[in-house]
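The following note collects points on one protein structure for a colleague at the bench. Please read each point alongside the sequence and the 3D view.

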Amino acid sequence: MSDDSNPFEITPQLLLRAYACGIFPMAEDAEDQGVMWIEPEMRGVIPLDAFHISKRMRRTMRTTSYTITVDQDFDGVMNACAESTEDRPSTWINAQIHMLYRELFRMGHCHSVEVWDEDRLIGGLYGVSLGTAFFGESMFSRARDTSKMALIHLVERMKAAGFTLLDTQFITDHLMQFGAIEIPRGIIKTSSARHWSTRPISMPWTHKSRSTQIRHPAEQSDTSIRSESRFYFGLGTLESCLQPASHTS
């Protein structure tokens, strides 16, 4: 972890390089003027081939009257994720993070999933897309199960598009029910440079549907990972990862 006194000017391009190194930014709170670089010892991931959906959530996805969209209200999702709630009185999303991720969205590297009750935004998530990896940043729910619905929708799109990694940064009880596990930072490396391409992968982000059909549910144990799903972080220190990209013209 490093505070905002580090010498690197944080640009969207630098942020992508940080993600490729397993590093991401957070602020102390919404009023903080800077960000810290976070590099967890244990990294949360959801192996796509072991993604677990409960019977109740399968039924919910089949019968819901809610509409699920992608990239239709990125700002709305970010703002909702940054709101203070009874369970989360403070947030790590400050003005600088808002600015950076909105620019990544404009560049095609950030995406949102929205859940709607008619015209009311009631759930969603957003994250960073880098090569065949998606890094989940935050999610919110204003009605029962709506953040779960957004996650299920995201995973089905990822599978269809050939993505190979869903990084959750940390794990929570909420994510563990879907098969999230922790992987030590120092024992895994990227299996191929193609996973970290800085070109957005082609993905049908603009499709709109009322629900998501789960055609091929994964029933594997939540502790199993196929070899092709293994990703390895800790590719170097903050300085060694970011220094080559820290000079701007």
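1. In this predicted model, strand β3, covering residues 42-45, pairs with β8 in the antiparallel sense, and two bridges connect them. Across from Gln-169 in β8 stands Gly-44.

2. Gln-169 deserves a closer look. This residue belongs to strand β8, which spans residues 165-169. Its relative accessibility is 4%, so Gln-169 counts as buried, the cut-off being under 20%. The Gln-169 side chain forms a polar contact of 2.7 Å with the side chain of Glu-137. Setting aside neighbours within four places in sequence, the residues in contact with Gln-169 are Tyr-19, Phe-24, Pro-40, Met-42, Arg-43, Gly-44, Gly-136 and Glu-137.

3. The pairing of β3 with β8 is part of a wider arrangement: an open sheet of seven strands, in the order β4-β5-β6-β7-β8-β3-β9, with mixed pairing. At the edges stand β4 (67-70) and β9 (181-184); each has a single partner strand, so one side of each lacks a neighbour in the sheet. On average, neighbouring strands of this sheet are turned by 30° against each other, direction ignored.

4. Helix α3 (residues 74-82) packs on this sheet, where it touches β5 (110-117), β6 (120-130) and β7 (133-141). The direction of α3 makes about 100° with that of β6. Helix α4 (residues 95-107) also lies across β5, β6 and β7, and runs at about 95° to β5.

5. How are helices α1 and α4 packed, in angle and in distance between their axes? Helix α1 (residues 12-20) meets α4 at an angle of about 90°, and the axes are 9 Å apart. The two helices are therefore roughly perpendicular to each other. On the α1 side the contact is made by Pro-12, Gln-13, Leu-15, Leu-16 and Tyr-19, and on the α4 side by Leu-100, Tyr-101, Glu-103, Leu-104 and Met-107. By class, the residues of this contact comprise eight nonpolar, one polar and one charged. Tyr-19 of α1, listed in that contact, is also among the residues in contact with Gln-169.

6. The last point concerns the edge strand β4. Strands β4 and β5 run antiparallel and are joined by four bridges, with Ile-68 opposite Val-115 in β5. In a regular strand, side chains alternate between the two faces of the sheet. In β4, Thr-67 and Thr-69 point one way, whereas Ile-68 and Val-70 point the other way. Are these residues of β4 buried or exposed? All of them are buried.

Note on methods
Residues numbered from 1 in each chain as written. Predicted model: local features only at pLDDT ≥ 70, side-chain atom pairs only at ≥ 80, totals over all residues. Heavy atoms only, no water. Buried < 20%, exposed > 50% of the residue type's maximum accessible area, 1.4 Å probe, protein only. Polar contact = N/O pair within 3.5 Å; in protein donor to acceptor, adjacent residues only side chain to side chain. Contact = heavy atoms within 4.5 Å. Pairing = 2+ DSSP bridges. Axes fitted to C-alpha atoms, helices over the stretch in contact; angles between N-to-C directions. Parallel < 35°, antiparallel > 145°, perpendicular 65-115°, else oblique. Nonpolar A, V, L, I, M, F, W, Y, C, P; charged D, E, K, R; others polar.
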